[in-house]
Amino acid sequence: MEERIADAARGKGRRAFLSASAGLAVGAAALPFLGSGTANATDRTTDAFGPFTVKPGDPRYGELITGNNQRWVGSPDCFQLVGSTQQVVDAVQAAVTSGRRIAVRSGGHCYEDFVSNPDVRTVIDMSEMDSVSYDPNMKAFAVEPGARLLNLYATLYKGWGVTLPGGRCYSVGAGGHICGGGDGPLSRRLGLTVDHLYAVEVVVVDQAGKARSVVATREPADPHRDLWWAHTGGGGGNFGVITRYWLRSPGVSGADPANALPKPPSTVLVNGMSFSWAELTEAKFARLVKNFTGWHERNSAPDSPGTALSASLALNHKSNGNVGMFVQVDGDAPNAEQLLQDFVTEIRDGVSATMLPLSGNVGEYSAIPQLVNAQRLPWFQSVRLLATNSPMLTNPTLRADHKSAYHRKAFTDADVAVVYKHLTSTTIDNPNAMLLLLPYGGKVNAVDQAATAASHRSSAFQALCQTFWSAPGDDAKNLAWVRKFYAELYGATGGVPVPNDRTDGCYVNYPDTDLSDPAYNSSKVPWHDLYYKSNYARLQQVKAKWDPKDIFRHKQSVKRPS
């Protein structure tokens, strides 16, 4: 019966879901908890998608050789499009046996050339493994890596009224997002996605070169618990191929799926505004940035009343014409309207620039002028509004570069002077060049640094220097601009945000190979300590145990201990 229902769901876009009261899985039969054993890799093989092999000369090949960033173009011998764990085991085994280097792709949003790389000979494409279901045996939600975030949120919410504190962009795949930590608008209230990760299924390769699938849980007695821990922020492409996540919040023991994950607020207060560069003197600009970063520093504690609020500030290059701010507040909070009003008042204090509608592209969003007056929207409506309002991120000609930083303290006068200098620089004329200031802290900081591989547990906000363009001829000037901006912003610490009392390293889901290059990182702090801090040594031990032949590697993969 389950197989017939799953097949019917596949025929309707593979996004359908079943009633929680029926206790049935969608798209895949429930996988029993296997504790210290190997996963049952025969799931979903009957009438499953694939496997399909795409090689050069196939009309589909040209579509598959790039991800979302068109700077990177691969030339593998083949793509293996898979639909089940067993198919992944077979694909990995075939590549290992033939000596072909492997890369894995789910949503295609990797910022670097870890997949679309000339050294990669086999790409295992997970995009069609996208089911989301409740597994009564695990008492957790089973999520395949190809599930896109918006579809994941839709299924969890429409089926059971629950959610995850993941990212905004609708087309990001769960595969890479979750294992890197995963944060989003609800993280200040609910923590990271990995704070709700119960188990992971991974296809690994042993010392003898044999591929197999393993389930690892957070249970203290699970002998595979170290593999689970490595996937709570250790990043993708390091230990094996993730074929399934199980998600259940800590402390949940019952079998009711409606209680397995957090419930989002029923409504959200949303407010969007912009300020014209024509009105922003350097002093006003500095006041705006220091107000925003200072608020986040003061409200970064897990028990701060400000955890109900999530705000981003998009500091676009002056050629854009505007900078913009988007704010959302948990509508169920008893003081939601007052919290929003007080925040906006504090951010605008001393800026004395007109608050304008978001009538053009600001940051990664297109126009949403109606939000200049705060609106109360149903939660999922607000999710869809943000997720589908960033056409730049799904532009098929997109070229981009990104550089991240965690901040513990507000920007100083010297920091703001650097930001202003580069956002008003005439060396570039790109309205899509920017510095994004993104919310962090709150409940994220309630978890000990060693409890998960995600080590950034004392930060207040993230900074993301980035630029987007489409013409290959514009590569050099865009890269030069973003590199110089980042290097000068963190010039006092060797061109990178080293972990100290003010900054706290970089986000592994925003990989940046410049961090490995002494020409751009003169701090003497290696790239892996920027991503993982003191957790790196433990990740190396997991690597040695679970990927002893270094099958799964890229330019910044975890290295086995020497």
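Select Lys-139 first, in the loop between β5 (132-135) and β6 (140-143). With a relative accessibility of 32%, Lys-139 counts as partly exposed, because that class covers the range between under 20%, which is buried, and over 50%, which is exposed. The model on screen is a predicted one. Display the backbone torsions here: Lys-139 has a positive phi of about 55 degrees although it is not a glycine.

Move next to Lys-524, in the loop between α12 (475-489) and α13. Lys-524 is likewise not a glycine, and its phi is positive, at about 70 degrees. Is this residue buried or exposed? Its relative accessibility is 79%, so Lys-524 counts as exposed.

Remain in the loop between α12 and α13 and select Gly-505. At 0% relative accessibility, Gly-505 counts as buried. Which residues are in contact with Gly-505, once its neighbours within four places in sequence are left aside? Show Ser-404, Ala-405, Tyr-406, His-456, Pro-497, Val-498, Pro-499 and Leu-530 to see them. For a sense of scale, draw a C-alpha to C-alpha distance from Gly-505 to Asp-135: the two are 370 residues apart in sequence and 37 Å apart in space.

Another backbone feature lies in the loop between α1 (2-11) and β1 (52-54), where Pro-51 is found. The peptide bond from Gly-50 to Pro-51 is cis, with omega near 0 degrees.

**Strand β11 and its partners**

Select residues 309-316, which form strand β11; 8 of its 8 residues are buried, so the strand is largely enclosed by the rest of the structure. In a regular strand the side chains alternate between the two faces of the sheet. Colour the two sides of β11 separately: Leu-309, Ala-311, Leu-313 and Leu-315 are on one side, and Ser-310, Ser-312, Ala-314 and Asn-316 are on the other. Both faces are covered.

Add the strands that pair with β11. Strand β12 (residues 322-330) runs antiparallel to β11 and is joined to it by 6 bridges. Within this pairing, Ser-312 has Phe-326 of β12 as its bridge partner. The hairpin of β11 and β12 has 5 residues between the strands, and in it Gly-321 takes a positive phi near 100 degrees. Strand β15 (residues 433-439) is also antiparallel to β11, with 4 bridges joining the two. In β15, Leu-436 stands opposite Ala-314.

**Two helices**

From β11 and β15, proceed to helix α11 (residues 413-423), whose buried residues are Asp-415, Val-416, Val-418, Val-419, Tyr-420, His-422 and Leu-423. What covers these residues? The covering elements include α8 (282-298), β11, β15 and α12.

Then select helix α14 (residues 536-546), where Tyr-536, Leu-539, Gln-540, Val-542, Lys-543 and Trp-546 are buried. Look down the axis of α14: the buried residues fall within an arc of 160 degrees, so they line one face of the helix. They pack against β7 (197-205), β8 (211-217), α7 (225-230) and α13 (527-532).

**Pocket and cavities**

Switch to a surface representation and centre on Glu-63, Thr-66, Gly-67, Asn-68 and Gly-107, which lie nearest the centre of the largest pocket among its 19 lining residues. The volume of this pocket is about 410 Å³. How does its lining divide by residue class? There are 3 nonpolar, 12 polar and 4 charged residues.

Finally, turn to the cavities. The count comes to 7 cavities of 30 Å³ or more. The second largest cavity has a volume of about 150 Å³. To find this cavity, select Tyr-153, Gly-166, Pro-185, Trp-379 and Val-383, the closest to its centre of the 14 residues that line it. Helix α10 (residues 379-387) supplies the largest share of the lining of the second largest cavity, 5 residues. By class, the lining of this cavity comprises 9 nonpolar, 4 polar and 1 charged.

Methods: Residues are numbered from 1 along each chain as its sequence is written. This is a predicted model: local features need pLDDT of at least 70, side-chain atom pairs count only at pLDDT 80 or more; totals for chains, interfaces and linings use all residues. Side-chain values use heavy atoms; hydrogens and water are left out. On a 1 Å grid over the protein atoms alone, a cavity is a set of points where a 1.4 Å probe fits but cannot get out, and a pocket is an open set with protein on both sides within 12 Å along at least five of seven lines; lining residues have an atom within 4 Å of a point. Grid points are joined across faces, edges and corners, and a volume is the space filled by probe spheres set on the points. Ala, Val, Leu, Ile, Met, Phe, Trp, Tyr, Cys and Pro count as nonpolar, Asp, Glu, Lys and Arg as charged, and the others, Gly among them, as polar. Buried means under 20% relative accessible area, exposed over 50%, partly exposed in between (1.4 Å probe, protein chains only). Two strands pair if DSSP finds at least two bridges between them. The arc is that of the directions from the helix axis to the C-beta atoms. Contact means heavy atoms within 4.5 Å.
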